[in-house]
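Thanks for coming. I have one structure to go through, and I will take it a region at a time.

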Amino acid sequence: MTNPADTLYDDIRDLPIVSPHGHCDPAWFASDAKWTTPTDLILTPDHYLYRMLYSQGVSMQEMGIGVPADQKDPRQIWRLFAAKYHLFLGTPSHTWLRYMFNNTFAIDQPLTPASADAIYDQIAASLASDAFRPRAVFERFNIAALATTDAATDPLVHHHAIAASGWTGRVIPTFRPDAVLDPMDDRFASSISDLAQITNCDTATFEGYLQALMAQRAAFAALGATATDHAAEVLYTCWLDDPATYYAKALDGTITRAEAAQFQGHMLVQMARFSCDDGLVMQLHVGSKRNTNKALFESLGRDVGADIPVATDWVHGLQCLLDHCGNHPNFTLILFTLDEATYARELAPMAGHWPCLRIGPPWWFHDSAAGIARYFDQVVETAGYWNLAGFNDDTRAFMSIPARHDVWRRGVAQHLGAQVQAKVFDLSDARSLAPLLATQIAAQTYRL
């Protein structure tokens with residue numbers, strides 16, 4: 001008898017890819033310039049890879065991170081990567097890399113020190129061809145839509161260029177305002193100045209600051225944006241009677257850490273209120289303590305693989321925001337957690353009640369076959385399927401996108417197949433759910 005999971009996977013394996021949240025560089029698609037080297041394309045953008053290598057004693061400099069382009073040897077870095085490739089066994093990175101090597105680049109041998117140069121040359125030869133220009137690969141990957149993540153102060157020149165080019169690929173921005181909402185962010189002062197310049201609003205006043213944020217949201221939406229994205233280590237929302245006072249303190253550098261947390265909590269509610277008006281879907285990624293390796297942060301800056309999960313209190317943390325916007329018919333809030341203990345205890349019951357809430361897919365450390373299985377097991381019985389947000393790959397590593405979606409689709413098929421075998425519902429029900437979970441619900445949730 002055919003395994004129902006096999007039937008379900010066959011139904012959805014070749015569906016178009018909807019990628020509504022990620023971190024790919026829009027410049028790739030604006031210029032459509034050929035990628036330079038296998039190292040720059042595959043290793044350098046992917047902190048999943050170099051955090052593992054760093055944990056095993058490989059320095060960031062050896063991987064070329066923070067090293068000027070004219071002072072690093074991409075082939076030598078690739079050889080080092082090949083020598084350490086076995087470290088990724090058992091991780092989702094190994095699954096994604098193997099899929100990419102085999103399916104995207106037609107490599108028929110494993111990556112080892114002995115094969116490193118040959119594989120490097122084969123990938124380099126592919127990248128030198130027109131068939132591997134960014135837009136051609138985008139189309140070959142059958143991507144229906146891809147959202148980038150862009151600072152609130154980004155002038156969006158690459159998105160303007162994409163829109164003006166006549167290319168039909170759908171690459172859209174996402175409004176990411178963290179640096180202009182958190183007074184403790186080291187980029188706050190300069191970002192507020194940039195916000196004033198790009199919007200021609202007087203951000204010296206709180207009202208001018210709000211006008212500038214609304215103007216930028218509208219500018220993003222005009223280029224196709226359907227969502228905003230927000231991050232918080234500790235979830236806290238509140239509504240201040242006098243936010244202008246806190247804002248003034250933030251501008252002159254006298255705000256305390258406690259006051260900054262209150263101001264950021266207020267602004268998260270304000271962002272939700274804006275979303276009620278303009279319809280931009282709000283994403284909230286919570287529970288990552290950023291840049292925990294102080295030495296690396298001071299020498300190399302942000303996002304070098306030293307972010308670690310922490311516990312989250314969703315019920316109390318979101319209460320004020322939900323009091324303001326939770327029942328609004330034009331508001332959608334997608335919640336992403338790194339604290340799996342909250343799936344069944346908090347997120348599923350919350351999404352199972354509040355009409356605005358959707359549960360984002362397994363994120364970051366849990367974006368794996370086992371993480372996907374745990375996710376379905378913990379949220380479906382309480383939240384159902386229609387209160388999920390589908391899948392997004394959340395990646396900077398463009399070439400891994402089909403692999404990541406394939407892992408999700410296999411996870412969908414395995415979960416639904418098990419439900420059929422357990423007689424929870426019939427195969428016909430599962431076959432209607434499989435495309436919903438693979439692509440449709442993501443498109444619906446993100447209003448794509």
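In which helix is the place of His94? His94 lies in helix α6, residues 92–104. Before going further, please keep in mind that this is a predicted model. His94 has a relative accessible area of 14%, and because that is under 20%, His94 counts as buried. If residues up to four places away in sequence are not counted, His94 touches Tyr85, Phe88 and Leu89.

Next, a helix pair. As a general point, two packed helices are described by the angle between their axes and the distance between the axes. Here the pair is α5, residues 74–83, and α7, residues 116–127. Their axes come within 9 Å and cross at roughly 125°. The two helices are therefore oblique to each other, and the crossing is right-handed. On the α5 side the contact is made by Pro74, Arg75, Trp78, Arg79 and Ala82. On the α7 side the residues are Ala116, Asp117, Ile119, Tyr120, Asp121 and Ile123. By type, the contact of α5 with α7 has seven nonpolar residues and four charged ones, with no polar residues.

Let me stay with Arg75, which is found in α5. What is its exposure? Arg75 counts as partly exposed, at 24% relative accessibility. Leaving aside neighbours within four places in sequence, Arg75 is in contact with Asp117, Tyr120 and Asp121. Those three residues are also listed on the α7 side of the helix contact. Arg75 and Thr37 are 38 residues apart along the chain, and their C-alpha atoms are separated by 8.4 Å.

Now the nonpolar cores. The largest has 93 residues. Which residues have the most contacts inside it? They are Tyr209, Leu213, Leu318 and Leu416. Helix α14, residues 257–278, gives the most to this core, with nine residues. To take one of the four, Leu213 is in contact with Phe175, Val180, Leu181, Leu195, Met267, Met271 and Phe274, leaving aside its neighbours within four places in sequence. There is also a second, separate core of 49 residues, which includes Ala30, Leu49, Phe101 and Phe132.

Two backbone entries come next. Asp32 is in the loop between α2 (26–31) and α3 (38–43). The phi of Asp32 is near 55°, a positive value in a residue other than glycine. Asn200 also has a positive phi, near 60°, and is again a residue other than glycine. The place of Asn200 is in the loop between α11 (188–199) and α12 (206–222). Which of the two is buried and which is exposed? Asp32 is buried, with a relative accessible area of 16%, whereas Asn200 is exposed, with a relative accessible area of 74%.

The last stop is Asn330, in the loop between α17 (319–325) and β10 (333–337). Asn330 is partly exposed, with a relative accessible area of 29%. How far apart are Asn330 and Asp278 in space? From C-alpha to C-alpha they are 8.4 Å apart, with their positions 52 residues apart in sequence numbering. Asn330 is in contact with Ser275, Cys276, Asp277, Asp278, Gly279 and Arg447, again leaving aside neighbours within four places in sequence.

That is the tour. I will take comments now.

Note on methods:
Residues are numbered from 1 along each chain as its sequence is written. This is a predicted model: local features need pLDDT of at least 70, side-chain atom pairs count only at pLDDT 80 or more; totals for chains, interfaces and linings use all residues. Side-chain values use heavy atoms; hydrogens and water are left out. Axes are lines fitted to C-alpha atoms, for helices over the stretch in contact, and angles run from 0 to 180 degrees between N-to-C directions. Helices (H or I, at least four residues) and strands (E, at least two) are DSSP runs, numbered from the N terminus. Angles under 35 degrees count as roughly parallel, over 145 as roughly antiparallel, 65 to 115 as roughly perpendicular and the rest as oblique. A crossing is left-handed if the near helix is turned anticlockwise from the far one by less than a right angle, and right-handed if clockwise. Contact means heavy atoms within 4.5 Å. Ala, Val, Leu, Ile, Met, Phe, Trp, Tyr, Cys and Pro count as nonpolar, Asp, Glu, Lys and Arg as charged, and the others, Gly among them, as polar. Buried means under 20% relative accessible area, exposed over 50%, partly exposed in between (1.4 Å probe, protein chains only). A nonpolar core is a set of buried Ala, Val, Leu, Ile, Met, Phe, Trp, Tyr and Cys residues joined through side-chain atoms within 4.5 Å.
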